[in-house]
Structures are given as structure tokens and as C-alpha cells.
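Me: Please go through the structure shown below as questions and answers. Give each cut-off once, when its term comes up.

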Amino acid sequence: MRFPIDTSQLGFTVTSPPMAAKDFSTKKVKVTEEGLPVMVVKLLAMDGSDSAMIKFNLAGEQHHLVPGMPVRVEGLAYGMAKDGEVRWWSATAVVPMHAASTAGGAPAGRNPRAATPPPAPAAAPAGAGARHSGRAGEGEG
């Protein structure tokens, strides 16, 4: 049985470089019927209050996925067989957030349920009379 996962409220980050999947019995690199390599992709899934590691196989080269990169996952599903004894994750695509369109006005790469950080302090205008010596904690006055 296959359970589709709604990823609209989740954030994903690549945790390690994708690696070639190996056939369990032959120990050779897995390929699809079309001859594409099968890659193992590992991601951290986050909902703003908790996180979990997920791992699945994806057809085709995935060299564009690098550790720390925020991504969007398409077609994510959780599968089970043999009365729940065999379980797996699957997806149809993993897309870097900078290449993905932003939905709902959320900035690319941002977890939509995470707390909003406070705004950065405004910089003093040029020539406002502040002197800086280049050492931390000095230059005031």
C-alpha cells in the first residue's frame, strides 16, 4: 500500500551527497529500465516543531543536490507491504528551492511553519558620527 504525503507544510534539507544505490543481491549499481542510475537521497524533513531523517531512491543523476540545500520534494509517499514488515519512502523528484517557485508568498527555502526571525537592526547612515576602531567593543564616543 502507498500513502501519499502532503509536503506543503514541510521543509526539507539535503543531509548528504546522493550516492549510487546498490542491488542487494549482486552489489552492482542499480539502474532503471532506461539505463539511468538509481541514487539514494537523504533529507531532513521538518514541520517547524519536529524533524525526521528520510531516505529514498530516485532515478537519474542527482549531483545538483548538495548538503545543506533546501529542497522541495514532489510525489513523496510512504509505502508498506507484507503486513507492515517492509516499509519505504519514495518520491518522484527533489528540486532545489532556488529553482522552485514560491507558493503563498513564503521565501524560497523557508520552512512555512517555522517562527519568523526578528528583523535585522537598521544600519546607521553614513556620516552619522560613529567612530570604529576595528576592535570589538571599542569605537563608541
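**Lys 27 and the loops**

Me: At what distance from the ring centre does Lys 27 lie over the face of Phe 24?
Reply: A charge counts as over a ring if NZ of Lys or CZ of Arg is within 6 Å of the ring centre and within 35 degrees of the ring normal. Lys 27 lies over the face of Phe 24, and its distance from the ring centre is 4.8 Å.

Me: What kind of model is this, and which atoms do side-chain values use?
Reply: The model is predicted: local features need pLDDT of at least 70 and side-chain atom pairs count only at pLDDT 80 or more, while totals for chains, interfaces and linings use all residues. Residues are numbered from 1 along each chain as its sequence is written, hydrogens and water are left out, and side-chain values use heavy atoms.

Me: Is Lys 27 buried or exposed?
Reply: Lys 27 lies in the loop between β3 and β4, where strands are DSSP runs of E with at least two residues, numbered from the N terminus. Its phi is positive, near 65°, in a residue other than glycine. Most residues other than glycine have a negative phi. Buried means under 20% relative accessible area, exposed over 50% and partly exposed in between (1.4 Å probe, protein chains only); with 55%, Lys 27 is exposed.

Me: Which loop holds Lys 82?
Reply: Lys 82 also is a non-glycine residue with positive phi, near 50°. At 62% relative accessibility it counts as exposed. Its loop is the one between β7 and β8.

**Strands and pairing**

Me: How many strands are there in the protein?
Reply: The pattern along the sequence is β-β-β-β-β-β-β-β-β. The count of helices is zero, and that of strands is nine.

Me: Which strands stand at the edges of the open sheet, and why is one side of each left without a neighbour?
Reply: Two strands pair if DSSP finds at least two bridges between them. Three strands form this open sheet with antiparallel pairing, in the order β1-β7-β8. One side of each edge strand has no neighbour in the sheet because each has a single partner strand; the edges are β1 (2–4) and β8 (86–90).

Me: By what angle are neighbouring strands of this sheet turned against each other on average?
Reply: The axes are lines fitted to C-alpha atoms, and angles between N-to-C directions run from 0 to 180 degrees. With direction ignored, the average turn between neighbouring strands is 20°.

Me: Which residue of β8 is the bridge partner of Ala 81?
Reply: Strand β7 (residues 77–81) and β8 pair in the antiparallel sense over five bridges. In β8, the partner of Ala 81 is Val 86.

Me: How many bridges join β4 to β5?
Reply: Val 38 stands opposite Ala 59 in β5. In the hairpin of β4 and β5, four residues lie between the strands, and Gly 48 takes a positive phi near 100°. The two strands run antiparallel, and the number of bridges joining β4 to β5 (residues 51–59) is nine.

Me: Which residue in β4 stands opposite Phe 12?
Reply: Strand β2 (residues 11–14) runs antiparallel to β4 (residues 38–46), with four bridges between them. Opposite Phe 12 in β4 stands Ala 45.

**Ala 20**

Me: Which residue in β4 is the bridge partner of Ala 20?
Reply: Ala 20 is found in β3 (residues 19–20). β3 and β4 run antiparallel and are joined by two bridges. In β4, the bridge partner of Ala 20 is Met 39.

Me: How far apart in space are Ala 20 and Glu 61, C-alpha to C-alpha?
Reply: Ala 20 counts as partly exposed, at 33% relative accessibility. Leaving aside neighbours within four places in sequence, its contacts (heavy atoms within 4.5 Å) are Val 29, Val 38 and Met 39. Ala 20 and Glu 61 are 41 residues apart in sequence, and their C-alpha to C-alpha distance is 8.8 Å.

**Salt bridge and totals**

Me: Which side chains meet in a salt bridge?
Reply: A salt bridge is a side-chain nitrogen of Lys or Arg within 4 Å of a carboxyl oxygen of Asp or Glu, and by this rule the count comes to one. Arg 72 is partly exposed at 28%, and Glu 74 is partly exposed at 29%. At 2.2 Å, N to O, the side chains that meet are those of Arg 72 and Glu 74.

Me: What percentage of the residues count as buried?
Reply: Among contacts between residues at least 6 apart in sequence, 53% join residues at least 24 apart. Of the 141 residues of the protein, the buried share is 26%.
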